[in-house]
Amino acid sequence: MITKEDVEHIGWLARIEISEQEKAEYMEKLNSVLDYFGQLDEVATEDVSPTYHVIDLHNVFREDVAAESLPQEKVLANTENKQEGAFKVPRIG
Amino acid sequence: MVYENPDGVMIGLEIHVQLNKLKSKMFCGCSTDYHDAEPNTHTCPVCLGLPGALPVLNREVVKAAIKVGLALEGEIAEETQFHRKNYFYPDLPRGFQTTQYDYPIVSKGKVVIEGEDGEHEVGIWRAHMEDDPGKLVHIGSIEKSKGVLIDYNRSGMPLIETVTAPDMRSPKEARRFLDKFRNILEYLDVFDGNLEGAMRMDANVSVYGGTRVEVKNISSHKGVEKALLYEIMRQKNVIRRGGEITQETRHFDEARGVTIGMRTKEEAEDYRYFREPDLMPMKVSDWTPKIKETLPELPDAKRARFIEQYGIADMHAKALTSKIMLADFYEGVCKKGTDPKQAATWIADVLLGELNYRDLVISSYDGSTIGCINDKDHSIANSTRVADMVDLVALFTDGKISDRAAVEVIRTILDGEEEKTPLQVIEEKGLFKAEDDLVTKAVAEAITENEAAVQDYLGGAEKSLNFLVGQVMKKTKGTADAKTAREMLVKELKG
Ligand SMILES: [Zn+2]
């Protein structure tokens with residue numbers, strides 16, 4: 001059962017603000033998702049090995065070859081907040 | 001003797017090693033050669049975490065992880081996969097780190113170290129692959145910082161994180177473990193430990209079986225030892241005053257040599273690990289036999305072989321194999337026909353001692369020369385050539401120079417402004433051993449010119465003999481062998 005506190009906690013972890021109205025709404029929606037997983041518990045899975053990935057593929061690799069990187073101007077093109085070739089953000093904590 | 005561990009100290013380590021010898025990053029083609037580059041010049045949509053960019057794993061990262069796992073005598077997982085570790089910090093552009101959670105590639109290994117009471121086994125719980133965050137640079141001091149600059153050149157660098165069991169019982173054992181561990185990695189040729197940020201460590205420590213405290217982000221082996229010494233003392237003091245150790249993460253202030261409690265978060269850490277859907281699971285345990293064949297001779301095996309093959313003392317074999325480049329240098333000298341025992345003494349005792357004295361660490365060996373850098377400021381120091389060591393040992397064993405002169409040659413080569421061969425140094429400084437008749441002459445002169453000292457000595461003042469020996473050395477400009485000079489004086493005076 002997902003409580004209002006759980007919704008607030010999830011919101012804090014994702015750094016999003018949630019209004020009181022949204023909290024009630026999300027609580028209901030998340031609980032219905034949880035109920036759906038409850039149905040899965042009813043399926044007998046003793047002899048089924050776990051699925052690691054929905055696509056039945058493994059060992060996808062690239063060779064260790066260096067390629068061109070982006071030029072610095074392009075990297076910083078989408079921000080106003082830059083200094084000496086670096087991204088600039090407010091101090092932390 | 002059994003080490004009692006009176007304070008019940010238990011230390012465990014987590015070590016992050018950057019696979020900086022690979023050509024490209026972990027999930028993208030950006031070059032790993034960024035250490036002297038401008039900020040944000042080695043980045044792309046993948047390592048900048050731009051929307052829609054997809055990671056593809058570098059095969060060599062997996063191979064390196066298996067290599068490390070085998071060298072640590074660990075088990076390689078049948079199935080292994082990546083997880084996302086979710087948290088917000090500006091150095092992490094995607095809001096998660098790609099790491100391994102419940103299916104690490106390596107588990108259950110061990111490393112044998114020289115412990116407080118002889119050989120001591122440290123268990124390895126796991127080793128896994130993960131990517132490095134970017135680098136933050138604070139504008140001004142951390143306390144008064146006006147802002148933070150982010151350079152993502154490091155973002156996406158491949159790391160191997162190794163987690164040990166809390167099997168170390170003193171800061172010294174932790175230091176020994178790190179030295180050995182780094183040595184093994186250098187033998188495997190998977191990383192260059194001299195590059196900035198190549199190895200970062202977290203240490204956890206408890207006393208009397210109590211609560212453990214974690215000290216985060218220490219950048220040197222000496223730093224780990226110092227941080228642990230301080231932290232053990234702090235915990236013992238808290239307990240002595242009747243306090244309680246609380247579970248916390250502390251930060252090590254290297255300049256002040258103290259650990260400082262970090263502000264505890266109101267909410268417990270909640271990383272919401274889940275399987276990384278953009279990366280496919282791996283079944284790579286069948287690569288193991290082939291990789292095993294490519295493993296080099298590791299430190300312990302090399303040490304045993306040196307004793308067997310060259311007939312040298314274990315103490316010398318241990319010192320010579322403590323660094324792959326030094327071991328190769330030693331064998332290079334032996335191959336030129338130098339007596340292995342003499343070579344071991346001159347390299348392990350003298351050369352290594354002189355390097356340590358100058359805070360120099362060996363950083364390269366190209367088959368003919370070892371290069372050194374200063375451990376403190378990373379400046380490049382004078383190198384030492386195999387050919388020079390061969391010549392020097394030959395000059396000494398042929399009786400052309402005294403041992404004191406040979407040491408002086410090594411010092412001059414290490415400290416000199418220009419590159420010189422031992423022969424050049426010996427000629428310039430006149431270090432050739434004096435001919436016997438020259439010493440005989442000096443002895444005779446010393447006796448006739450210093451009658452008072454001679455009488456004192458004959459009257460029982462042993463100290464006066466030292467004075468006379470000094471006179472002989474002065475007359476021969478230090479080229480006489482002091483022991484021979486003393487013997488000749490005694491013979492001359494007392495018959
Ligand atoms: Zn990239």
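Which residue of β9(B) does A:V89 stand opposite? I started my notebook with that one, and the partner is B:V148. This is a predicted model, so I keep in mind that side-chain atom pairs count only at pLDDT 80 or more.

**Entry 1: confidence**

I looked up the scores before going further. The predictor gives the complex an ipTM of 0.89, alongside a pTM of 0.84. Chain A averages a pLDDT of 91, with 99% of its residues scoring at least 70. For chain B I noted a mean pLDDT of 91 and 97% of residues at 70 or more. I also checked the elements of chain A one by one. There, helix α1 (residues 4-13) has the lowest mean pLDDT, 91, and strand β1 (residues 61-62) has the highest, 97.

**Entry 2: the strand pair across the chains**

Back to the opening pair. A:V89 comes from strand β3 of chain A, residues 86-89, which pairs with β9(B). I find three bridges there, in the antiparallel sense. As general background, strands of a sheet pair through backbone hydrogen bonds, either parallel or antiparallel.

I then followed β3(A) back into its own chain. Strand β2 of chain A (residues 82-83) pairs with β3(A) over two bridges, again antiparallel. A:Q83 stands opposite A:A86 in that pairing. β2(A) and β3(A) make a hairpin with two residues between them. In the turn I spotted A:E84, whose phi is positive at about 50°.

**Entry 3: the rest of the interface**

How many residues does each chain bring to the contact? I get 57 from chain B and 36 from chain A. The area buried between the two chains is about 3,900 Å², and carbon and sulfur atoms give 59% of that area.

Next I went for charges. The rule finds one salt bridge across the interface of chain B and chain A. Its partners are B:R59 and A:E63, with the closest N and O atoms 3.0 Å apart. I also noted 19 residue pairs in polar contact across the interface, both residues at pLDDT 80 or more.

I wanted to know which elements of chain B supply the side that touches chain A. β2 (57-58), α1 (59-71) and β9 (148-151) of chain B each supply at least two residues. Sorted by class, that side of chain B has 30 nonpolar, 11 polar and 16 charged residues.

**Entry 4: salt bridges elsewhere**

I widened the search to the whole structure and got 47 salt bridges over all chains. One I looked up is in chain A, where the side chains of A:E20 and A:K23 meet at 2.9 Å, N to O. Both residues lie in helix α2 of chain A (residues 20-41), three residues apart, about one turn of the helix.

**Entry 5: strands β6, β7 and their neighbours in chain B**

β6 (residues 106-115) and β7 (residues 118-131) of chain B pair antiparallel over nine bridges. I see a hairpin here, with two residues between β6(B) and β7(B). B:G115 has B:G118 in β7(B) as its bridge partner. Further along the pairing, B:V106 stands opposite B:A127 in β7(B).

What else pairs with β7(B)? I found β10 of chain B (residues 158-164), antiparallel over seven bridges. In that pairing B:R126 stands opposite B:V163 of β10(B). For β6(B), I traced a pairing with strand β3 of chain B (residues 75-76), where two bridges join the antiparallel strands. B:E75 stands opposite B:S107 in β6(B) there.

**Entry 6: an open sheet in chain B**

My last stop was an open sheet of three strands in chain B, ordered β5-β4-β15 and paired antiparallel. Why is one side of β5 and one side of β15 left without a neighbour in the sheet? β5 (96-99) and β15 (274-275) of chain B stand at the edges with a single partner strand each, so one side of each has no neighbour in the sheet.

I followed one of these pairings residue by residue. Strand β4 of chain B (residues 83-86) is joined to β5(B) by four bridges, and the two run antiparallel. One pair I wrote down is B:K85 with its bridge partner B:Q97 in β5(B).

Definitions and conventions. Residues numbered from 1 in each chain as written. Chains lettered and ligands numbered in written order. Heavy atoms only, no water. Contact = heavy atoms within 4.5 Å. Buried area = accessible area lost by both parts, 1.4 Å probe. Salt bridge = Lys/Arg side-chain N within 4 Å of Asp/Glu carboxyl O. Polar contact = N/O pair within 3.5 Å; in protein donor to acceptor, adjacent residues only side chain to side chain. Nonpolar A, V, L, I, M, F, W, Y, C, P; charged D, E, K, R; others polar. Pairing = 2+ DSSP bridges. pLDDT = per-residue confidence, 0-100.
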